[in-house]
There are 2 protein chains.
Amino acid sequence: MYRILTLGVAAIPSDTSRIYIVKQAMEDYGIDLLVCRNPENVLFLSGYWPLTGWSLILIPLDGDPVLIIPRSEIDYVEDSWVKNVYTYEAERLEYTWNPYRFIMEILEEIGLPRGIRVGCELGMETIATGTIAGEASYACTPTFDLLRKVFKAILVDATPLLSKLRMVKSNLEVEKVRLASKIASIAIEKLIEAVKEGLRESELAALAEYIVYSEGIGFEGRVKRARGFAFIMSGINTSRAWYPFNISTNRRILRGDPILIEFNVCVDGYWIDITRTWILGRPTDEQEDIFNTLVEAQESVYRSENPGLRACDVDDIARSIVRARGYDRFFPHRLGHGVGLRLHEEPIIHPLSTTLIEKNMIHTVEPGIYTDRYGLRLEDVVLILEKGVENLFPRYKFLSLSE
Amino acid sequence: MYRILTLGVAAIPSDTSRIYIVKQAMEDYGIDLLVCRNPENVLFLSGYWPLTGWSLILIPLDGDPVLIIPRSEIDYVEDSWVKNVYTYEAERLEYTWNPYRFIMEILEEIGLPRGIRVGCELGMETIATGTIAGEASYACTPTFDLLRKVFKAILVDATPLLSKLRMVKSNLEVEKVRLASKIASIAIEKLIEAVKEGLRESELAALAEYIVYSEGIGFEGRVKRARGFAFIMSGINTSRAWYPFNISTNRRILRGDPILIEFNVCVDGYWIDITRTWILGRPTDEQEDIFNTLVEAQESVYRSENPGLRACDVDDIARSIVRARGYDRFFPHRLGHGVGLRLHEEPIIHPLSTTLIEKNMIHTVEPGIYTDRYGLRLEDVVLILEKGVENLFPRYKFLSLSE
């Protein structure tokens, strides 16, 4: 017999409509029971962000959701709107590590119907990293086999359903992304103060991450876990700063160098992803022209994007500006991607993506122009409103950093 | 037709015997072709540490190994002893993201036999995070289905084979872990200087990570990528600093507090995992007694561990010291775990683990004693020698930090 905690929901910031929407989608996809383990999906479906990746959320089409979590994470489940929580201990001195045994026993005890269609994370191959940032755990064959066995289930890939639902953020989620954005902007401001000739790329990147960790936790009394990942590329290294190549080296920054920061900040499971590029000293005419092109491409999106457009239309709004300025062959990547529960999620803002833009989507707007000598990119994040968009990272943009 | 790069191996630090050992194990396990995608396994099998997690290593029982990698990672494959490298671009403006299509085409082109037994990462559910530390990619059903389809294969879980082989490190691997250890020790020394009353847990943790990133990259001219993950727990928070609970809060450190750092450092794909506990000011008699017990438990392992012992015997060497001092009921977790290609890997040093200790294994030795008021833990890492062990993190241990 496992202990069930029945938590009082009154005190919990709840996203009550979420479960309703999820169940509707499950019906559309022919799923009787949704079982997720990847932390970002557990967070999406329960409001609780697992620490270690060994928690399961179960959403039966008929019935209340259930969480199964390691006992050590009990303090963190308070953030959830799920009332029924089972806990287990995967390892003790009396037995070696085996979470499956306990998860299996708990699933047996819950006693859901057999012979059902269970939706799970079959098709996922990328996850956001979590609190124990050096190691990430995810659902793979052992978990899928366990679900098959316990429920005598036909497994269905729930990834398309989850990707689709995750695209549209709740107000609670938007607030979390705003917090990540605020912390990122504090770090960027301090970084601008700190940049000087002779500093290494890695020193600057490390500073950005330092600020997020040291100031993010406890921020406004609302943040439990915060972490930043920063990559600084300078000089010639910026010429290959296109997705998915991000790395900081020990190159020292010189006067006249372009300095590009790719900056990912996570606050309690919610992400923001931004890029700034500066020139240390006076930009060349070409650099200024490229920078102004990027700003104009972004501004054009802010003015013209609306719910109902296709993602490819949004890409084209920016790309046509870059094309008109003659730089289109130096802008080799998509304009952006969704962000929130992971650094990169749907919708993809690509010339061939026909996904319709909807209210409460959040995506990056990141035009970049890369010559063989240097590259410049600006990346901001927009929230789609009823009409128009809001830039969630509204920091003043400029190119030249004086020493 | 995909471009194959045939790299000159002469200039590459090679682990030539590795492929031979792997093929022997494949024969034992009845595997005709080993295909891995999780970065730590690609590193183990090829010497190249992927940036994004979308690279495959193929090792046919009869034939030379092959790498399939995103074109953007071409500079990093230079570290590999694998000569045949295929590259692909998963996304361009002319098509949306689809790595599977290209991987499939390359696999077809390589033209290995069909109807074979393919070993892959079916049973893995935890990976080390990589360079793009905020996001991790791994092999799951889409990759497995692709292998089934291309090779008309029976898939075999290669995780037990890989776990077993990974336990015993090559000399090249030991050198990488030594580098991680050196960088970690620099950070620990600076941290000791920095600790003072009033600092937040998160500030200290952020500082430790800052030092690894800013000083690790380029270290001794040998390190390309370095990253640290630090968690600081202080005062009452140390009482729950047992595995797997690691988190820094914004609690300010007070005089008399125990301060525990759980510190994970990764250098070019190789990890070290250490813990230190200090008291800011003068320890109580009980704290001193607990600390001395931990030191004695560790020293006892350093004196007595040898190849040929079972892991449970090693656990018992330390635990019997803790028991003799009357603290055994406050030491609730295993003594240690393997470390190297991931933070936690085999062998597990647990009272019930019968794995035989072998030369060139690397594992942690981390006795911890947790009362309901505070917890102390020391975690070091040993390399098993022909006879005896070497402590890879030989920093002087002391309890009291003066302000």
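1. Let's start with the interface: 76 residues of chain A are in contact with 76 residues of chain B. Keep in mind that this is a predicted model. Put the two chains together and about 6,100 Å² gets buried between them, with carbon and sulfur atoms giving 57% of that area. On the chain A side, the residues that lose the most area to chain B are L93(A), E125(A) and Y138(A), which together make up 14% of what that side buries.

2. Now for the polar side of that interface. The rule finds 10 salt bridges across chain A and chain B, along with 42 residue pairs in polar contact. For a concrete pair to click on, try E91(A) and R334(B): their side chains meet in a salt bridge, 3.0 Å from N to O.

3. Which elements of chain A each supply at least two residues of the side that touches chain B? They are strand 7 (126-128), strand 8 (135-137), helix 4 (141-151), helix 7 (201-216) and strand 10 (226-234) of chain A. Helix 7 of chain A gives the largest share of that side, with 9 residues. Sorted by type, the residues of chain A that touch chain B come out as 37 nonpolar, 22 polar and 17 charged.

4. Helix 4 of chain B deserves a look. Within residues 141-151, the buried ones are T141(B), T143(B), F144(B), L146(B), L147(B), V150(B) and F151(B). As background, an α-helix has 3.6 residues a turn, so residues three or four places apart point the same way. What covers the buried residues of helix 4 of chain B? Part of the cover comes from the other chain, through helix 4 of chain A. From chain B itself, the cover includes strand 2 (33-36), strand 3, helix 3 (99-110), strand 6 (117-120) and strand 9 (154-157). Just after the helix, K152(B) takes a positive phi of about 40°, so check that spot if you go through the backbone angles.5. S55(B) sits in the loop between helix 2 (39-46) and strand 3 (56-60) of chain B. Is S55(B) buried or exposed? With a relative accessible area of 0%, S55(B) is buried. Its side chain makes a polar contact with the side chain of Y48(B), at 2.6 Å. Leaving aside neighbours within four places in sequence, the contacts of S55(B) include C36(B), R37(B), V42(B), P50(B) and I68(B). I69(B), P70(B) and E73(B) are also among them.

6. On to the cysteines. How many disulfides does the rule count over all chains? The count is 0. C266(A) shows why: its sulfur is 18 Å from the closest cysteine sulfur, in C36(A), and that is too far for a bond. The chain B counterpart reads likewise, as the sulfur of C266(B) is 18 Å from its closest cysteine sulfur, in C36(B), again too far for a bond. C266(A) is buried at 3% relative accessible area, and C266(B) is buried at 4%.

7. Over all chains the salt bridge count comes to 68. One of them joins D79(A) and K224(A), with the closest N and O atoms 3.4 Å apart. D79(A) lies in the loop between strand 4 (66-70) and strand 5 (84-88) of chain A, and K224(A) in the loop between helix 7 and strand 10 of chain A, so the pair ties together parts that are 145 residues apart in sequence. D79(A) is partly exposed, at 28% relative accessibility, and K224(A) is partly exposed too, at 34%.

8. In chain B, the side chains of R18(B) and E173(B) meet in a salt bridge at 2.9 Å, N to O. Here the link runs between distant parts of the chain: R18(B) is in helix 1 (residues 16-29) and E173(B) in helix 6 (residues 171-194), 155 residues apart. Both ends are under cover, with R18(B) buried at 7% relative accessibility and E173(B) buried at 2%.

9. For a pair further along chain B, take K359(B) and E386(B), whose side chains meet in a salt bridge at 3.6 Å, N to O. K359(B) is in the loop between strand 14 (345-349) and strand 15 (362-365), while E386(B) is in the loop between strand 18 (380-384) and strand 19 (389-391), so this salt bridge ties together parts 27 residues apart in sequence. K359(B) is partly exposed at 42% relative accessibility, whereas E386(B) is exposed at 63%.

10. Last, a salt bridge network with members from both chains: E40(A), R166(A), K169(A), R342(A), E345(A) and E135(B) are linked in it.

Terms used: Residues are numbered from 1 along each chain as its sequence is written. Chains are lettered from A and ligands numbered from 1 in the order in which they are written. This is a predicted model: local features need pLDDT of at least 70, side-chain atom pairs count only at pLDDT 80 or more; totals for chains, interfaces and linings use all residues. Side-chain values use heavy atoms; hydrogens and water are left out. A disulfide is a pair of cysteine sulfur atoms within 2.5 Å. Buried means under 20% relative accessible area, exposed over 50%, partly exposed in between (1.4 Å probe, protein chains only). Helices (H or I, at least four residues) and strands (E, at least two) are DSSP runs, numbered from the N terminus. A polar contact is a pair of N or O atoms within 3.5 Å; within protein, one must be able to donate a hydrogen and the other to accept it, and residues adjacent in sequence count only if both atoms are side-chain atoms. Contact means heavy atoms within 4.5 Å. Buried area is the accessible area (1.4 Å probe) that two parts lose on being put together, summed over both. A salt bridge is a side-chain nitrogen of Lys or Arg within 4 Å of a carboxyl oxygen of Asp or Glu. Ala, Val, Leu, Ile, Met, Phe, Trp, Tyr, Cys and Pro count as nonpolar, Asp, Glu, Lys and Arg as charged, and the others, Gly among them, as polar.
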